[in-house]
Amino acid sequence: MPEPIRIATRQSPLALWQANAVRDRLLESDPSQPVELLPMTTRADRWLETPLSKIGGKSLFVKELEQALFEGRADLAVHSMKDVTAVLPEGLVISTVMQREDPFDAFVSNKYTGFEQLPQGAIVGTCSPRRLTQLLAKRPDLTIRDLRGNVNTRLAKLDAGEFDAIILACAGLRRLAFDERIKQTLDTELCLPAVGQGIIGIETRSGDAAIQKRLESLHDNDSATRLSAERAYSRALNGGCSAPIAGFSTLAGDRLKMTARVISMDGRILLEASGERARGEAESLGESLAKELCAQGAQKVLDDAARAAAAAIELMPHEVELAARRNNSGAKSE
C-alpha cells in the first residue's frame with residue numbers, strides 16, 4: 001500500500017468541504033493511493049469573536065497549515081485563495097489552482113430581497129474591510145457591524161435578529177448547499193470581489209515534484225491566469241487583511257481584463273482602474289493597475305487604513321488577551 005497523501009485543512013465546514021473536494025478528485029485520478037485529511041484549528045478559528053485586524057489578519061487562517069507542510073506532517077494544504085497572503089513563505093508554492101466558483105458577493109437577509117431595499121440606518125454584518133468600504137461608498141447611512149465565524153455561525157446570528165442583512169461569498173454558500181439563502185448577487189459596480197475569491201488553491205513544498213505531478217489533473221489554467229493577475233496587483237500594493245482593496249479579472253479567449261479598487265475606510269474615497277492585456281501578461285496587468293491606483297493616491301488611502309487598524313489593536317489589547325484566556329479555559333475543560 002502506497003503512503004497516503006495528507007491534506008492539511010481547517011476544521012470549519014467550508015474548509016472541510018474544500019479539502020474533501022480535493023481528496024475526491026485525487027482518488028478519482030488514482031484510487032490506489034489513499035488520501036487522508038489532517039484537520040486543524042487555526043489561531044483565527046480559536047478567536048472567532050475578535051476582529052481579524054486585531055489578531056494579525058487573514059494570514060492566521062493558513063499559518064498552522066503551512067507549518068504542517070514545513071514539518072512534513074502534511075503533503076499539501078487546501079486554501080480559499082482570498083485568505084492567502086500575497087507573498088508566500090520561502091519554500092512553499094501554490095502549485096495548483098482549481099476552477100473558479102461563483103466569485104461574487106451575496107446579499108443575505110430574512111427581511112429584504114435586495115441591497116436597494118435596506119432602510120436608512122440598517123444594520124449590515126461583515127468582517128471584510130473591502131465589503132464594508134464599498135457598501136459605505138454607496139450607502140454611508142448604513143450601520144456596518146463586525147461579523148465573524150464560519151458560514152453557519154454567521155447565518156445563525158442573522159436568524160437571531162442581530163443584523164438586517166449580512167454579506168457573504170456566493171461560493172461558500174453554494175458549496176455548503178445554502179443557495180436559497182442568497183437573496184441577491186451583488187454586481188461589481190456595488191461590490192467588486194476580493195482577489196482570488198471563489199478559487200481553491202493547493203499549497204505544497206516548492207521542491208515536492210511528486211506531489212505536484214499528482215495534482216496536475218486538478219489544475220485549471222484559466223483560473224490560474226486570472227489569479228496571477230489579481231495576486232500581482234495585491235502584492236504590488238502590499239494588500240493584507242486590513243487593506244480595503246478589491247480586484248477582479250475576466251478572461252475571454254486570450255484577452256485578460258481586470259478592474260481594481262482601493263477604498264477609504266469611511267467609503268468617501270473610491271479609486272478605480274481597469275485594463276486589458278494578453279493572457280501571457282497577467283502579472284504585468286495586475287502590477288500596472290496597482291501603479292495607476294498609486295498615481296491616484298492609493299498609497300495614502302492604504303496607509304490611513306493601516307494606521308486605523310494599528311490604533312484599534314493598541315486601544316483594545318485586552319480583547320485579544322481575554323479571548324486567549326477564554327479559549328485556553330475551554331481547551332482545559334474539554
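**Note on the predicted model: sheet, helices and cores**

1. The protein has twelve helices and 13 strands. The model is predicted, so local features are taken only where pLDDT is at least 70.

2. Overall figures. The protein has 334 residues, and buried ones make up 51% of them. Its accessible surface comes to about 15,000 Å². Carbon and sulfur atoms hold 49% of that surface. Take the contacts between residues at least 6 apart in sequence: 69% of them join residues at least 24 apart.

3. The five-stranded sheet. This sheet is open, and its pairing is mixed. The strand order reads β2-β1-β3-β10-β4. At the edges are β2 (35–40) and β4 (92–97), each of which pairs on one side only. From one strand to the next, the twist averages 30 degrees.

4. The β1–β2 pair. Strand β1 covers residues 5–10 and runs parallel to β2. Six bridges join the two strands. One residue pair to look up is A8 and L38: L38, in β2, is the bridge partner of A8.

5. Helices across the sheet. Helix α1 (residues 13–29) lies across β1, β2, β3 and β10 (200–205). It runs at about 160 degrees to β1. Helix α4 (residues 63–71) lies across β1, β2, β3, β4 and β10. Its angle to β3 is about 160 degrees.

6. A residue in β3. S80 belongs to strand β3, which spans residues 76–80. Is S80 buried or exposed? S80 counts as buried because its relative accessibility is 16%, and the cut-off for buried is under 20%. Beyond its neighbours within four places in sequence, S80 is in contact with Q18 and I199.

7. The largest nonpolar core. It has 20 residues. Those touching the most other members are Y233, L237, I245, M258, V262 and L293. Five elements each supply at least two residues of this core: α9 (221–237), β12 (255–263), β13 (270–278), α10 (282–295) and α11 (298–315). The largest share comes from α10, with five residues.

8. L237 in detail. Which residues does L237 contact, leaving aside its neighbours within four places in sequence? They are I245, V262, A290, C294 and L302. Of these, I245 and V262 are also listed among the core members that touch the most others.

9. The second core. A separate nonpolar core holds 16 residues. Its members include L147, L155, F163 and I182.

How values were computed
Residues are numbered from 1 along each chain as its sequence is written. This is a predicted model: local features need pLDDT of at least 70, side-chain atom pairs count only at pLDDT 80 or more; totals for chains, interfaces and linings use all residues. Side-chain values use heavy atoms; hydrogens and water are left out. Helices (H or I, at least four residues) and strands (E, at least two) are DSSP runs, numbered from the N terminus. Buried means under 20% relative accessible area, exposed over 50%, partly exposed in between (1.4 Å probe, protein chains only). Contact means heavy atoms within 4.5 Å. Accessible areas come from the Shrake-Rupley method with a 1.4 Å probe; for residues, only the protein chains shown count as cover. A nonpolar core is a set of buried Ala, Val, Leu, Ile, Met, Phe, Trp, Tyr and Cys residues joined through side-chain atoms within 4.5 Å. Two strands pair if DSSP finds at least two bridges between them. Axes are lines fitted to C-alpha atoms, for helices over the stretch in contact, and angles run from 0 to 180 degrees between N-to-C directions.
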